[in-house]
Amino acid sequence: MQIHKTSKPMGILVAVLFLYLLAPVILVFPISLSGDSVLRFPPTSWSLRWYEALFENRAMLGAFWTSLSLAAIVTVLSLVIAVPAAWVMVRMEFRGRDLLFNLFTAPLLLPTIVLGLAILIVFASFGLLATMQGLILAHLVITLPYALRILAVSLATQNMACEEAAKTLGAKPLTVFFRVTLPMLTPGIVAAAALCFLVSFDEVVITLFLTGPRISTLPVELYNYVYNTADPLVAAASVLLILLTLGVILVVERAMGLGRAFVK
Amino acid sequence: MMVERAMAAEAALGTPEGPDHLVLSEVGMTFGTLDVIPSLSLSVRRGEMVAFLGPSGCGKTTTLRMIAGLLDPTRGRISVGGRDITHLPVHDRDMGMVFQSYALFPHMTVAQNVAFGLEMRRMAKVEIRARVERALAMVQLGHLAGRKPKALSGGQQQRVALARALVVEPSILLLDEPLSNLDAKLRDEMRVQIRSLQQQSGITAVFVTHDQVEALSMCDRIVVMRGGHVEQYGTPNEIYERPATPFVASFVGRTNRLSGRVDPSGRLLIEGRPVAAEGRLPEGAVEVLVRPHRMSLRAASEEPPAGLNSLPGVLTGATFVGDLIQATVRIGAGEITVEQLTRRRSGLPEPGSAVTVAWEAGDTMVYPEGRA
């Protein structure tokens with residue numbers, strides 16, 4: 001394949017587009033270093049006071065740890081459920097397979113506000129509101145379709161002859177799965193894990209319905225904070241969130257290259 | 001019926017001896033409403049290498065996969081060394097298989113790939129290391145043991161796949177179009193190497209291919225398949241010299257087709273002229289097949305050679321291809337090709353001139369008309 005040199009006008013257009021997309025995100029960095037007491041750009045003085053304030057804010061810190069552990073648990077559960085499910089969907093032939101697959105990935109298409117309302121109504125009767133279990137279950141509804149879809153695509157493009165070769169060499173079905181299928185699926189698993197983690201960590205709409213004074217996640221806490229106060233603390237929090245996201249992506253990149261994890 | 005004929009032919013000619021090792025009896029495979037293989041019976045002797053040869057869709061790969069256990073036959077019975085394995089799970093079959101795509105495990109090194117089958121057999125670590133080393137030396141890849149498959153060339157991957165299949169000393173080696181992804185030169189080398197490895201280890205092998213050269217040059221016997229049936233089962237020589245059907249004749253090597261009749265007295269006539277053939281001839285309309293390089297060409301003015309079949313025709317064209325001249329000759333309404341080795345001084349008659357085409361009686365292959 002030949003890579004063409006981008007022409008100058010095209011280069012400028014791309015730069016403008018990127019600037020348009022990233023400007024608000026970039027703006028957050030100077031604002032987080034503001035010494036002012038209100039959100040304002042450009043800041044009139046500079047300091048780290050809002051980072052200090054953030055680390056002294058117990059509610060924020062608590063919400064951060066809730067979000068982190070929630071995202072971790074949801075990611076692990078998503079994989080534990082989606083890997084075997086994807087295997088069954090891709091490798092087994094049975095009636096209604098396509099229907100089942102579409103059903104499992106349907107939440108991707110539903111408006112999240114509708115999902116949130118529905119989950120609120122159902123969870124209320126089970127006493128799952130404002131509990132960790134409730135949040136985990138709700139987040140799984142959104143992360144599972146992503147995981148299932150990514151893993152199904154990975155599995156479908158995997159060379160089945162490798163599994164067959166393992167069988168002919170004497171490997172029993174479970175051995176084939178753990179020694180051949182699963183290791184070959186690693187790029188898909190890493191991609192699915194990264195996406196599940198970020199989706200869960202980032203989720204606001206559904207979580208809003210399920211959180212309360214007892215338990216809250218970082219995005220919801222930030223939302224509430226901005227609702228009441230307009231100081232640069234949220235900017236400091238945003239910067240840390242951006243860095244965390246970048247960190248996750250870097251890990252994926254280091255592990256296998258982004259292209260391979262998400263595109264293949 | 002085909003098998004009977006093939007067996008009769010073997011009895012006459014004498015082929016690699018040894019007891020039957022792999023036996024398929026009336027094996028059939030149906031996918032949905034599609035009868036891919038109606039009923040297939042054949043046997044492979046111990047230590048023999050047999051090719052399944054045929055065009056794509058003839059059922060050769062399906063048959064191989066049924067032997068491997070990757071497909072469950074709808075009907076019939078498969079046995080190895082007298083033991084029924086028809087419904088035995090793949091992992092208990094003790095077969096080595098080389099796949100068209102090689103199917104090396106991408107996350108394992110070359111050595112780990114080769115060791116996999118031995119680990120499945122719960123062999124001691126020391127023993128595994130020794131065997132892997134020996135197997136890799138056998139395919140001249142000892143120096144690449146630590147590489148990942150991706151870092152190897154196609155030919156090297158092919159040899160790893162072969163070592164991985166052979167290292168477990170399987171009862172039968174199955175090869176599914178193993179050479180089709182290699183370039184021409186490498187293919188020639190691997191043909192020789194696979195055959196010599198098979199003969200050294202004395203393993204029974206089944207080789208699926210659509211390439212007649214591979215089948216003819218590498219295998220003790222060839223099963224020519226079409227539409228899920230065995231067209232002919234025999235040695236390369238039998239398949240080439242005495243094809244059981246016109247399909248076999250035209251699939252293995254090239255042939256000319258002429259129309260003829262056998263009259264009630266048993267004489268074969270083409271374009272009204274008597275032609276000699278060997279064996280018993282079917283009465284009525286027949287198809288007569290002669291290989292292009294078994295025919296010779298001379299000017300009509302020359303005396304037709306004595307003792308040979310000869311037919312008059314018109315030279316319509318000639319192509320010089322170095323060591324060969326391919327001449328097209330119109331005989332009656334049909335056109336045939338004659339191939340002659342070139343000599344420094346020999347010239348062909350002018351195109352458009354009258355010529356005589358001649359061949360030996362033994363090179364005349366006669367089939368009843370209408371049998372494809």
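Between chain A and chain B of this predicted model, an area of about 1,800 Å² is buried, and carbon and sulfur atoms give 67% of it. Chain A brings 18 residues to the contact and chain B brings 21 residues. On the side of chain A, the most area is lost to chain B by Thr168(A), Leu169(A) and Arg179(A), which together account for 40% of what that side buries.

The polar part of this interface can be followed pair by pair. There are 2 salt bridges between chain A and chain B, and 5 residue pairs are in polar contact across the two chains, both partners having pLDDT 80 or more. Two elements of chain A, α7 (160-168) and α8 (173-184), each give two or more residues to the side that touches chain B. Of these, α7(A) provides the largest share, 7 residues. Sorted by class, that side of chain A has 10 nonpolar, 4 polar and 4 charged residues.

Arg179(A) forms a salt bridge with Glu119(B), with an N to O distance of 2.6 Å between the side chains. A further salt bridge, at 2.5 Å from N to O, is made by the side chains of Arg65(B) and Glu164(A). Arg65(B) belongs to helix α2 (residues 60-68) of chain B and Glu164(A) to helix α7 of chain A, so this pair joins two chains. Both partners fall under the 20% limit for burial: Arg65(B) counts as buried because its relative accessibility is 19%, and Glu164(A) counts as buried because its relative accessibility is 10%.

Over all chains, the structure holds 20 salt bridges, and several lie within chain B. The side chains of Arg131(B) and Glu127(B) meet at 3.0 Å, N to O, in one such salt bridge. These two residues are 4 residues apart in helix α4 (residues 125-138) of chain B, and therefore about one helical turn separates them. Glu127(B) is partly exposed, at a relative accessible area of 33%. The salt bridge between the side chains of Arg254(B) and Glu339(B) has an N to O distance of 2.8 Å. Here the pair links distant parts of the chain, 85 residues apart: Arg254(B) is in the loop between α9 (246-251) and β11 (256-262) of chain B, and Glu339(B) is in strand β18 (residues 334-341) of chain B. Glu339(B) counts as buried, at 5% relative accessibility. In addition, a network of salt bridges links Arg45(B), Glu48(B) and Arg221(B).

Attention now turns to the nonpolar interior. The largest nonpolar core has 93 residues, and those with the most contacts inside it are Leu22(B), Phe52(B), Phe105(B), Phe116(B) and Leu174(B). Leaving aside neighbours within four places in sequence, the residues in contact with Phe52(B) include Leu42(B), Leu64(B), Ile67(B), Val206(B), Phe207(B), Val223(B) and Met225(B), and also Lys60(B) and Thr63(B). Apart from this core lies another, of 22 residues, among them Val28(A), Trp50(A), Tyr51(A) and Leu54(A).

A polar residue of chain B completes the description. Asn309(B) lies in strand β16 (residues 309-320) of chain B and is buried, because its relative accessible area is 6%. The side chain of Asn309(B) makes a polar contact of 3.3 Å with that of Thr364(B). Not counting residues up to four places away in sequence, Asn309(B) touches Val275(B) and Ala276(B), together with Val357(B), Ala358(B), Trp359(B), Glu360(B), Ala361(B) and Thr364(B).

How values were computed
Residues are numbered from 1 along each chain as its sequence is written. Chains are lettered from A and ligands numbered from 1 in the order in which they are written. This is a predicted model: local features need pLDDT of at least 70, side-chain atom pairs count only at pLDDT 80 or more; totals for chains, interfaces and linings use all residues. Side-chain values use heavy atoms; hydrogens and water are left out. Buried means under 20% relative accessible area, exposed over 50%, partly exposed in between (1.4 Å probe, protein chains only). A polar contact is a pair of N or O atoms within 3.5 Å; within protein, one must be able to donate a hydrogen and the other to accept it, and residues adjacent in sequence count only if both atoms are side-chain atoms. Contact means heavy atoms within 4.5 Å. Buried area is the accessible area (1.4 Å probe) that two parts lose on being put together, summed over both. A salt bridge is a side-chain nitrogen of Lys or Arg within 4 Å of a carboxyl oxygen of Asp or Glu. Ala, Val, Leu, Ile, Met, Phe, Trp, Tyr, Cys and Pro count as nonpolar, Asp, Glu, Lys and Arg as charged, and the others, Gly among them, as polar. A nonpolar core is a set of buried Ala, Val, Leu, Ile, Met, Phe, Trp, Tyr and Cys residues joined through side-chain atoms within 4.5 Å.
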